[in-house]
Amino acid sequence: MELWDVYDARRQLTGRTHRRGVPMQPGDYHLIVFVWIFNSAGQLLLTKRSPEKESYPNLWETTGGAVIAGETSREAIVRELREETGILAAPEEFVFLDSVRGKTWISDTYALRRDVPLSKIVFQPGETCGARWVDRTAFEKMIAAGEITQPDVQRFRALARIFREYFK
């Protein structure tokens with residue numbers, strides 16, 4: 001059973017926790033994190049969602065997930081990156097890009113520069129099943145073809161001007 005800390009609309013902890021899978025109460029939020037990993041060639045690392053995933057099976061995405069109760073945003077992104085790809089990074093290596101509040105969540109997005117051969121990516125069973133490096137043109141073609149998860153497309157569009165400095 002996964003528990004999340006509950007935040008208010010101002011991102012203040014309420015002192016309560018919430019069990020994943022149960023609808024959130026109005027005015028309650030949980031924290032989620034995402035990281036866009038770029039290599040020195042200016043390519044973005046994408047992972048493929050496992051076909052067993054309930055939402056967006058077999059689509060490509062960036063790494064991310066829910067912050068577990070007691071974790072900070074940076075602790076969670078370190079954990080999610082390690083779990084989903086096997087990539088190790090220290091919390092201070094992540095560059096904070098943006099925070100957005102949705103209906104029941106607050107999403108923190110980070111960037112990380114890391115050269116990792118695809119052969120070193122470790123997939124998490126039931127979560128990820130593939131990885132690839134793409135340049136901006138290939139990424140935009142994948143968006144047009146419907147191969148990228150909708151949440152990642154929305155994050156990309158919202159942060160497109162920031163990503164110009166990461167994509168080459």
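**Helix α2 and what surrounds it**

Let me start with helix α2, residues 136-144. Its buried residues pack against β3, β4, β5, β9 and α3, the last spanning 150-158. Helices (H or I, at least four residues) and strands (E, at least two) are DSSP runs, numbered from the N terminus. Buried is under 20% relative accessible area, exposed over 50%, partly exposed in between (1.4 Å probe, protein chains only).

This is a predicted model: local features need pLDDT of at least 70 and side-chain atom pairs pLDDT 80 or more, while totals for chains, interfaces and linings use all residues. Residues are numbered from 1 along each chain as its sequence is written, and side-chain values use heavy atoms, without hydrogens or water.

Which residues of α2 are buried? They are Phe139, Met142 and Ile143. These residues lie on the same side of α2 because they cover an arc of only 105° around the axis (directions from the axis to the C-beta atoms). On the face turned away from that buried side sit Lys141 and Ala144, both exposed. At the N-terminal end, Asp135 acts as the cap of α2, with a side-chain oxygen 3.3 Å from the backbone nitrogen of Thr137. After the helix comes Gly146, with a positive phi near 75°.

Next, the strands. Strand β4, residues 44-49, has five of its six residues buried. β9, residues 128-134, is an antiparallel partner of β4, over six bridges; pairing needs at least two DSSP bridges. Within that pair, Arg49 is bridged to Thr128 and Leu45 to Trp133. β9 is mostly covered as well, with five of its seven residues buried. β4 also pairs with β5, residues 60-61, again in the antiparallel sense and over two bridges. There, Thr47 is opposite Glu61.

One residue of β9 deserves a stop, and that is Thr128. Is Thr128 buried or exposed? Thr128 is buried, at a relative accessible area of 4%. Its side chain reaches two backbone atoms: the oxygen of Glu84 at 3.1 Å, and the nitrogen of Gln124 at 2.9 Å. Setting aside neighbours within four places in sequence, Thr128 contacts (heavy atoms within 4.5 Å) Thr47, Lys48, Ser50, Glu84 and Phe123.

Glu84 takes us to helix α1, residues 73-85, where Glu84 is one of the buried residues. Others among them are Ala76, Ile77, Val78 and Leu81. What covers the buried residues of α1 includes β3, β4, β5, β6, β8 and β9. Just after α1, Gly86 has a positive phi of about 80°.

Finally, the nonpolar cores: buried Ala, Val, Leu, Ile, Met, Phe, Trp, Tyr and Cys residues joined through side-chain atoms within 4.5 Å. The largest has 22 residues, and those touching the most other members are Val35, Ile37, Leu45, Leu81, Ile87, Phe94 and Leu112. At least two residues of this core come from each of β3, α1, β8 and β9. What does Phe94 contact, leaving aside neighbours within four places in sequence? Its contacts are Val35, Arg74, Ile77, Val78, Leu81, Ala89, Tyr110, Ala111 and Leu112. A separate second core holds 19 residues, including Trp36, Trp60, Ile143 and Ile148. Ile143 brings us back to α2, where Ile143 is one of the buried residues.

How values were computed
Expected span 1.5 Å × (residues − 1). Polar contact = N/O pair within 3.5 Å; in protein donor to acceptor, adjacent residues only side chain to side chain.
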